[in-house]
Amino acid sequence: MGVLDHVSEYFDCSHGSSRRHKSLQTVDVRVLIDCEGCERKVRRALEGMRGVRDVTIEPNAQKVTVVGYVEPNKVVARIIHRTGKRAELYPFVPYDVVAHPYASGVYDNRAPTGYVRNTEYDPHVSRLARASSTEVRYTTAFSDENASACVIM
């Protein structure tokens, strides 16, 4: 946002309109991209969309990142409508973010290398993915770095 845009917000005379401003956000979408033609088709579909500032495509990760003043559901709908490809919000996060990346329900064979399924908002994932405080206390009772530093002794 430039200086003139920022200053013009203070001198806005249109009090009658209740237009809400969308916030700038990053939307990650999972789309099957086989070739450069598919990549070009997805890029053209998204660059023509109102509010889009930047489109980044990672063909190896099957990931499209859109930065702009857009809504995630509208981005997915636009890809599906314009390209005919199946698209969904990107369900994977780097494995460093998740507490137990190899728990059942978290590890996914279809995920790109270094990524696992996001378990933060999914209630159907196994309980091991979200360890309780009792489990954390028992697993941290012994230390691999200092074997003689046992909490029990």
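A disulfide is a pair of cysteine sulfur atoms within 2.5 Å. By this criterion, the structure, a predicted model, holds 0 disulfides. Cys 35 takes part in no disulfide, and the cysteine sulfur nearest to its own, that of Cys 38, is 3.6 Å away. Seen from Cys 38, the closest cysteine sulfur is that of Cys 35, and the 3.6 Å between them is too far for a bond because a disulfide requires the sulfur atoms to be within 2.5 Å. The two residues fall into separate accessibility classes: Cys 35 has 40% relative accessibility and therefore counts as partly exposed, whereas Cys 38 has 12% relative accessibility and therefore counts as buried.

Thr 26 belongs to strand E1, which covers residues 25-31. Apart from its neighbours within four places in sequence, Thr 26 is in contact with Thr 65, Val 66 and Val 67. The C-alpha atom of Thr 26 is also separated by 6.7 Å from that of Gly 68, although these residues are 42 residues apart along the chain.

Thr 26 is, in addition, one of the residues that line the second largest pocket. About 190 Å³ of space lies in this pocket. Along with Thr 26, the lining includes Val 27, Asp 28, Lys 63, Pro 72 and Leu 89. Tyr 90, Phe 92, Val 93, Pro 94 and Tyr 115 also belong to the lining. Strand E1 and strand E5 (92-94) each supply at least two residues of the lining. By residue class, the lining of the second largest pocket is made up of 8 nonpolar, 1 polar and 2 charged residues.

Definitions and conventions:
Residues numbered from 1 in each chain as written. Predicted model: local features only at pLDDT ≥ 70, side-chain atom pairs only at ≥ 80, totals over all residues. Heavy atoms only, no water. Helix = DSSP H or I, 4+ residues; strand = E, 2+ residues; numbered from the N terminus. Contact = heavy atoms within 4.5 Å. Buried < 20%, exposed > 50% of the residue type's maximum accessible area, 1.4 Å probe, protein only. 1 Å grid on protein atoms, 1.4 Å probe; cavity = no way out; pocket = protein on both sides within 12 Å on 5 of 7 lines; lining within 4 Å. Points joined across faces, edges and corners; volume = space filled by probe spheres on them. Nonpolar A, V, L, I, M, F, W, Y, C, P; charged D, E, K, R; others polar.
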